[in-house]
Amino acid sequence: IQVPFEAVGPNVTLALATGNGNVRLGMQVQSVSPAIFVGLDGSPILQDAETGLLLDARKAAHAGARLLVSATGLGKVTPDWPAGMAAPVENPPVVAATIRAFVNGAAVPVTRAALAGGFIGFYAIEVQLPAINNSGPAELYITADGVESNRVQFLIEQ
């Protein structure tokens, strides 16, 4: 369910039509609630920004590489974009919130944060890994206006 950008809180009512009738639920609304997407196996949806290849246990990130992080919950974009409509592939609207990324607790540069072109309600964040990293498992998380996302694990090799 994509919460429209125009929804304001602190609470809204979600109405669902189900096979057993209509259901109304009260929900708390926050301006941001960042989350990094993970697959069914718990692996984060990360790509090498240059090649587009998915990173996983067999394909590690490289020191100095740019990563594309698939996320949700980053809030409003500029220019405004209607909820429920796929973002344009060319020049997608950029995230209005301040986005930061952290690898093993250290801040890494965020070079872009925008709606993911061709998708509805997804965001693409591009981060730059430092040229020098320890090889092996690493932890990544993002923040949107200071609100932390889930923490995910990925591999780095030199």
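Strands here are DSSP runs of E with at least two residues, numbered from the N terminus. With that in hand, here is a short tour of a predicted model.

**Figure 1. The whole protein chain is built with 15 strands and zero helices.** Along the principal axes, the C-alpha atoms fill a box of roughly 55 × 35 × 25 Å. The chain has 158 residues, and 34% of them are buried. If we take contacts between residues at least 6 apart in sequence, 54% join residues at least 24 apart. The accessible surface comes to about 9,100 Å², with 55% of that area belonging to carbon and sulfur atoms.

**Figure 2. Strand 7 and strand 8 are linked by a loop that holds P79.** Strand 7 covers residues 77-78 and strand 8 covers 94-95. Look at the peptide bond between T78 and P79: this bond is cis, with omega at about -5 degrees. Most peptide bonds are trans.

**Figure 3. Strand 9 pairs with strand 13 and also with strand 10.** Strand 9 spans residues 99-103, and because four of its five residues are buried, the rest of the structure largely encloses it. Strand 13, residues 136-144, runs antiparallel to strand 9, and five bridges join the two. One pair to find in this view is R100 with its bridge partner T143 in strand 13. Strand 10, residues 106-108, is also antiparallel to strand 9, here over three bridges. A101 has V108 of strand 10 as its bridge partner.

**Figure 4. N104 sits in the loop between strand 9 and strand 10.** These two strands form a hairpin with two residues between them. What sign does phi of N104 have? The value is positive, near 50 degrees, in a residue other than glycine. Most residues other than glycine have a negative phi.

**Figure 5. D145 lies in the loop between strand 13 and strand 14.** Strand 14 covers residues 147-148. Though not a glycine, D145 has a positive phi of about 50 degrees. D145 has a relative accessible area of 48%, so it counts as partly exposed; the exposed class starts over 50%.

**Figure 6. P4 belongs to the segment before strand 1.** Strand 1 itself takes in residues 11-18. Is P4 buried, partly exposed or exposed? With a relative accessible area of 39%, P4 is partly exposed. From P4 to G19 there are 15 residues in sequence and 24 Å in space, C-alpha to C-alpha.

**Figure 7. The largest pocket holds about 650 Å³ of space.** Its lining is made up of 26 residues, and the closest to the pocket centre are V3, Q30, S31, G73 and G75. By class, 15 lining residues are nonpolar, nine are polar and two are charged.

**Figure 8. The largest cavity contains about 30 Å³ of space.** How many cavities of 30 Å³ or more are there? The count comes to one. Around the largest cavity you can pick out Q2, F5, W81, M85, A87, L115, F119, I120 and G121. The lining has seven nonpolar and two polar residues, and no charged ones.

Key:
Residues numbered from 1 in each chain as written. Predicted model: local features only at pLDDT ≥ 70, side-chain atom pairs only at ≥ 80, totals over all residues. Heavy atoms only, no water. Buried < 20%, exposed > 50% of the residue type's maximum accessible area, 1.4 Å probe, protein only. Pairing = 2+ DSSP bridges. 1 Å grid on protein atoms, 1.4 Å probe; cavity = no way out; pocket = protein on both sides within 12 Å on 5 of 7 lines; lining within 4 Å. Points joined across faces, edges and corners; volume = space filled by probe spheres on them. Nonpolar A, V, L, I, M, F, W, Y, C, P; charged D, E, K, R; others polar. Contact = heavy atoms within 4.5 Å. Areas by Shrake-Rupley, 256 points an atom, 1.4 Å probe, with all protein chains shown as cover.
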